[in-house]
Amino acid sequence: MFTRLNNAKLAITVEAFTTNYTNLQVYRWGKKPRWLPTAKTKMFRVAPRPQIPTEDYEELKRLHNNYRTQIKSLTGYFTEKYSTENIQQFDIEQHEKSIKDDFLKCTAINDEWNRQIKIQREERVAKELEESVNLAKQRLEERQQRQLLKLQAADVEVRRVIEDSKDFITPDKLDAAIEYALNNPVDYNFALDLDGNVYKGRNNDSVKFEIKQ
C-alpha cells in the first residue's frame, strides 16, 4: 500500500508485495479422503473417552500454553517488524534515473553481444567460403579426371576399331571377297556315330575325325 510522508514523498510498505506467512497454517487429512462417508462398521461406534492421569494432563496443558504463548509472541513480533520498520522511500527522480542507467547498461551489454556475434559470423562466413572454394576445386579436378579417363577409353576403342577395320569388306574388296568365298566353301554341318566319331559335311564321303581324349 502507498502512504504519504511529511516530505511529500511516497512510501511503499512491504505488506503490499508480500504475504504474511506467520499466520498461515496448513491442514492435511489422514489416510482416508475427506469426501468419503463414514464406514458402515464405524457409523454408530462411540469411541471411549481417553483417561489421562491428572499429572500428565497438567504437564501437557502447561507445555501447550507455553507453546501458544511463544508462537503468539513471535507472530506479533514479525508482524510488527515487517509492517513498520521496512518502509522504503520512493523517489520518482531517483527511480527514473535508475531506469535510465539500467537501460544504458543493457544497451552496452547488447552492443557488446552484437560485436561478438559479428566477429563470430564473419569467421563462420569466411570458413564456409573457404570450404566452398575447396569443394568446388575438388569437384573440378574430379570432373577433369573423369573426362580424361573417358578420352583415354575412347582412344583405346577407336584404335581397336581401326585395327579390326583392316578385315572389313569394303566396296573395293567386295569382288575379291565373293570370289574367295566361292572358292573356299565352309560347311558347318557334322554328325556323330555311336562310337563318338565326328563326320563333317553333308555328303556321305565326309572325312572321319577322331575325337581327342
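Here is a walk through the chain, from its overall layout down to a few side-chain pairings.

This is a predicted model, where local features need pLDDT of at least 70 and side-chain atom pairs count only at pLDDT 80 or more, while totals for chains, interfaces and linings use all residues. Residues are numbered from 1 along each chain as its sequence is written, and side-chain values use heavy atoms, with hydrogens and water left out.

Let's begin with confidence. The chain has a mean pLDDT of 81 (the predictor's confidence in each residue, from 0 to 100), and 77% of its residues reach 70 or more. Over residues 1-17, though, pLDDT stays under 50. The model has 32 contacts beyond four places in sequence for that stretch, a contact being heavy atoms within 4.5 Å. Where pLDDT is low, the predicted coordinates should not be read in detail.

Next, the layout. There are 3 helices and 6 strands in the chain; these are DSSP runs numbered from the N terminus, with helices being H or I of at least four residues and strands being E of at least two. Going along the sequence, you meet them as β-β-α-β-α-α-β-β-β. Of the contacts between residues at least 6 apart in sequence, 34% join residues at least 24 apart.

How much of the chain is buried? Just 4% of the 213 residues, where buried means under 20% relative accessible area, exposed means over 50%, and partly exposed lies in between (1.4 Å probe, protein chains only). The chain exposes about 21100 Å², with carbon and sulfur atoms supplying 56% of it. Those areas come from the Shrake-Rupley method with a 1.4 Å probe, and for residues only the protein chains shown count as cover.

Now look at helix α1, residues 54-85, which is where Leu74 sits. Leu74 belongs to a nonpolar surface patch with Tyr67, Ile71, Tyr77, Phe78 and Tyr82, and together they have about 610 Å² of accessible area. To join such a patch, a residue needs over 30% relative accessible area and no salt bridge, and nonpolar side chains (Val, Leu, Ile, Met, Phe, Trp, Tyr) are joined within 5 Å. Leu74 is partly exposed at 45%, as are Tyr77 at 48% and Phe78 at 31%.

The patch also brings us to the aromatic rings. Rings of Phe, Tyr and Trp (its six-membered ring) pair if their centres lie within 6.5 Å; planes under 30 degrees apart count as stacked, over 60 as edge-to-face and the rest as tilted. That rule gives 1 aromatic pair. Tyr77 and Phe78 have ring centres 5.3 Å apart and planes at 65°, so the pair is edge-to-face.

Finally, the charges. The structure holds 7 salt bridges, each a side-chain nitrogen of Lys or Arg within 4 Å of a carboxyl oxygen of Asp or Glu. One of them joins Glu59 and Arg62 at 2.5 Å, N to O. These two are 3 residues apart in helix α1, about one helical turn; Glu59 is partly exposed at 36%, and so is Arg62 at 41%.

Helix α2 (residues 92-164) has Asp155 and Arg159 4 residues apart, again about one helical turn, and their side chains meet at 2.9 Å, N to O. Here Asp155 is partly exposed at 37%, whereas Arg159 counts as exposed at 57%. Further along, Asp164 bridges to Arg160 with the closest N and O atoms 3.0 Å apart. Glu157 is linked with Arg160 and Asp164 in a network of salt bridges.

Note on methods
Patch = residues over 30% accessible without salt bridge, like charges linked within 9 Å, V, L, I, M, F, W, Y side chains within 5 Å.
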